[in-house]
Amino acid sequence: MRFSVASRLRSFVFAWQGVRYLIISEHNSRVHLAASVSAVLTGLLLRISADEWLWIALAIGLVWYAEAVNSAIERLADAVTTERDPMIKIAKDCAAAGVLIAATLALLIGLVIFIPHFGSLA
């Protein structure tokens with residue numbers, strides 16, 4: 001298949017449709033959106049360093065990546081069968097665990113970065 005600028009641009013449209021789906025259809029994505037916005041606003045308020053911004057951006061991106069993969073696995077599994085299947089349950093649970101792990105890491109990164117800044121405000 002040959003390279004095409006139009007097809008590359010179309011792939012970005014599809015990716016943004018996925019982001020839109022996550023925000024509109026997935027409750028947990030709205031929680032992640034609120035946490036992402038809160039982290040960015042807190043970073044701006046506290047004037048965190050460029051290095052700290054890199055960690056915050058990495059944490060936010062990791063959570064969104066995990067949520068997107070989790071949602072994709074869940075939708076694909078639901079398309080395969082609506083019946084209870086122990087292997088599909090394991091796949092869904094492991095994908096959800098990935099989101100939990102990413103979100104926990106993001107929380108820890110946020111605490112490590114923000115707590116010292118709040119301490120210096122007192």
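**Pocket, surface patch and salt bridges**

Helix H4 supplies the largest share of the lining of the largest pocket, namely 7 residues. The model described here is a predicted one. The volume of this largest pocket comes to about 350 Å³. Its lining counts 17 residues, and the closest to the centre are Ala35, Ala39, Ala103, Ala106 and Leu107. Two or more lining residues come from each of helix H2 (27-46), helix H3 (50-80) and helix H4 (86-121). In chemical character, the lining of the largest pocket divides into 13 nonpolar residues and 4 polar ones, with no charged residue.

Attention now turns to the surface. Here Phe3, Val5, Leu9, Phe12 and Trp16 make a nonpolar patch of about 650 Å². One of these residues, Phe12, has its place in helix H1, which spans residues 5-25. The relative accessible area of Phe12 is 53%, and a residue is called exposed when this value is over 50%, so Phe12 is exposed.

The charged side chains offer a picture of their own. In total, the structure holds 5 salt bridges. Glu26 pairs with Arg75 in one such bridge, where the closest N and O atoms are 2.3 Å apart. Because Glu26 lies in the loop between H1 and H2 while Arg75 lies in helix H3, this pair ties together parts that are 49 residues apart in sequence. What of the two partners, buried or exposed to some degree? Glu26 has a relative accessible area of 11% and is therefore buried, since buried means under 20%. Arg75, at 31% relative accessibility, counts as partly exposed.

Arg75 also meets the side chain of Glu74 in a salt bridge, with an N to O distance of 3.7 Å. A further salt bridge is formed by Asp78 and Lys92, whose closest N and O atoms are 2.6 Å apart. Asp78 belongs to helix H3 and Lys92 to helix H4, so the pair ties together parts that are 14 residues apart in sequence. Both residues are partly exposed: Asp78 has a relative accessibility of 36%, and Lys92 has a relative accessible area of 22%.

How do these pairs fit together, and which residues are linked? Glu26, Glu74, Arg75, Asp78 and Lys92 are linked in a network of salt bridges. Within this network, Glu26 is in the loop between H1 and H2, whereas Asp78 and Lys92 are in helix H3 and helix H4 respectively.

Methods: Residues numbered from 1 in each chain as written. Predicted model: local features only at pLDDT ≥ 70, side-chain atom pairs only at ≥ 80, totals over all residues. Heavy atoms only, no water. 1 Å grid on protein atoms, 1.4 Å probe; cavity = no way out; pocket = protein on both sides within 12 Å on 5 of 7 lines; lining within 4 Å. Points joined across faces, edges and corners; volume = space filled by probe spheres on them. Helix = DSSP H or I, 4+ residues; strand = E, 2+ residues; numbered from the N terminus. Nonpolar A, V, L, I, M, F, W, Y, C, P; charged D, E, K, R; others polar. Patch = residues over 30% accessible without salt bridge, like charges linked within 9 Å, V, L, I, M, F, W, Y side chains within 5 Å. Areas by Shrake-Rupley, 256 points an atom, 1.4 Å probe, with all protein chains shown as cover. Salt bridge = Lys/Arg side-chain N within 4 Å of Asp/Glu carboxyl O. Buried < 20%, exposed > 50% of the residue type's maximum accessible area, 1.4 Å probe, protein only.
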